[in-house]
Amino acid sequence: MSTVDTLRLATAGSVDDGKSTLVGRLLHDSKSVLTDQLEAVERASRGETPDLALLTDGLRAEREQGITIDVAYRYFATPRRRFILADTPGHVQYTRNMVTGASTAELTVILVDARNGVVEQTRRHAAIAALLRVPHVVLAVNKMDLVGYEEKVFEYIGEEFAGLAAELGLPSFTPVPVSALAGDNVVERSAHMDWYRGPALLEHLETVPVAVEPVAAPARFPVQYVIRHGEERHYAGQIVSGALRVGDRVTVHPSGETSQIAGIDVLGTAADAAYAPRSVSLRLADQRDVSRGDMITAGVDAPTLTQDVRADVCHLADRPLRVGDRVLLRHTTRTVQAIVRDLGGAEALAANDLGRITLRTAEPLPLDDYAASRRTGAFLVIDPADGATLTAGMVTLGSPA
């Protein structure tokens, strides 16, 4: 019996490129819209045909302004795959929302208007996809109906984006010509573009490889909670990378103490092994001083233990981040005090700014490079005064300050 996997994807693109219409068309034509939802959209639409953008632009301000503001999550499925879709805003002032939506995505659909080609926001969204190491990128050239379905227009935009992708270090992308309004190449292949030999968008989404956490990846287990059973201690949390097995020699970070796994419980049942992203509790053979925020690892590929954190960042808060600010840094289950030492030469980072940062933490942290692990290479910078999230960071080990 085959299992149906799940693909997490995000959309991005400049204002009026048609993201919300594309998502609405995808939901509508894949029969993922309930009858009462479609009726409500038909009532709210001002024309003879339903405004499919209203299926995702749910906020009152979004409908009044005709733009997407918040990240709209939609869940749908086909017989071949389940999907978790984040429709993200296109405005530059909502860049932080795009970062939020794409941070866990395995695929990003970047829309461009066929009449305008690659614009500044296209470059910004491609840069974010590269920064966040999104494994798969689709370039959806939308509104092909408004350029007469011309193959040359599609090819020119594809070549322009290819140059941008090479500049940013995007490993590859898949170009698809579409018309979200007319439904061309969204769910069904278009009769208007017989020169295009590739898949429709949904077909590509159904068949693109979904990343499976490799068993051979370095084992990483951030401790979330310590459970006491008499004299025994069980360490609960989620394996975020690799695998753990009974008998494995392990190291506790940042203390450096070593032990051996004596037992693994999965949902209260003993197991010989467990794999990411399974939540488990571990029992060690020796009494060790292990608490929330510590990380248990196995194997010789250990994380880098450091107090000097260098990272690419996106500033999320309205309050600027400045050199000298005292902040909190949250990495997996550990939160430590830190000070901002450098902002890549800038005096401050404002909301939606992308930049480079160097922090000095009060305690050492076990870090992986973000390029190697999106879980243990990511962190948040937090305001110690009110707990608000200030900045999202992606660790760049070995990069110059």
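**Exercises on backbone and helix packing**

K143 lies in the loop that joins strand 5 (136-142) to helix 6 (151-168). The model is predicted.

**Exercise 1.** State what is unusual about the phi of K143, and decide whether K143 is buried or exposed.

Solution. Step 1: most residues other than glycine have a negative phi. Step 2: K143 is not a glycine, yet its phi is positive, about 65°. Step 3: the relative accessible area of K143 is 18%. Step 4: buried means under 20%, so K143 is buried.

**Exercise 2.** Find the loop that holds T332, then give its phi and its accessibility class.

Solution. Step 1: T332 sits in the loop between strand 18 (326-331) and strand 19 (334-342). Step 2: T332 has a positive phi of about 50° and is not a glycine. Step 3: its relative accessibility is 28%, so T332 counts as partly exposed.

**Exercise 3.** Describe the peptide bonds from H253 to P254 and from A276 to P277.

Solution. Step 1: most peptide bonds are trans. Step 2: the bond from H253 to P254 is cis, with omega near 15°; P254 belongs to the loop between strand 10 (249-253) and strand 11 (258-266). Step 3: the bond from A276 to P277 is cis, with omega near 5°; P277 belongs to the loop between strand 13 (273-275) and strand 14 (279-284).

**Exercise 4.** Describe how helix 4 (residues 95-102) and helix 5 (residues 120-131) pack.

Solution. Step 1: the angle between helix 4 and helix 5 is about 35°, and their axes are 10 Å apart. Step 2: the crossing is right-handed. Step 3: helix 4 contributes T95, M98 and V99 to the contact, and helix 5 contributes R124, H125 and I128. Step 4: by class, this contact has 3 nonpolar, 2 polar and 1 charged residues.

Technical notes. Residues are numbered from 1 along each chain as its sequence is written. This is a predicted model: local features need pLDDT of at least 70, side-chain atom pairs count only at pLDDT 80 or more; totals for chains, interfaces and linings use all residues. Side-chain values use heavy atoms; hydrogens and water are left out. Axes are lines fitted to C-alpha atoms, for helices over the stretch in contact, and angles run from 0 to 180 degrees between N-to-C directions. Helices (H or I, at least four residues) and strands (E, at least two) are DSSP runs, numbered from the N terminus. A crossing is left-handed if the near helix is turned anticlockwise from the far one by less than a right angle, and right-handed if clockwise. Contact means heavy atoms within 4.5 Å. Ala, Val, Leu, Ile, Met, Phe, Trp, Tyr, Cys and Pro count as nonpolar, Asp, Glu, Lys and Arg as charged, and the others, Gly among them, as polar. Buried means under 20% relative accessible area, exposed over 50%, partly exposed in between (1.4 Å probe, protein chains only).
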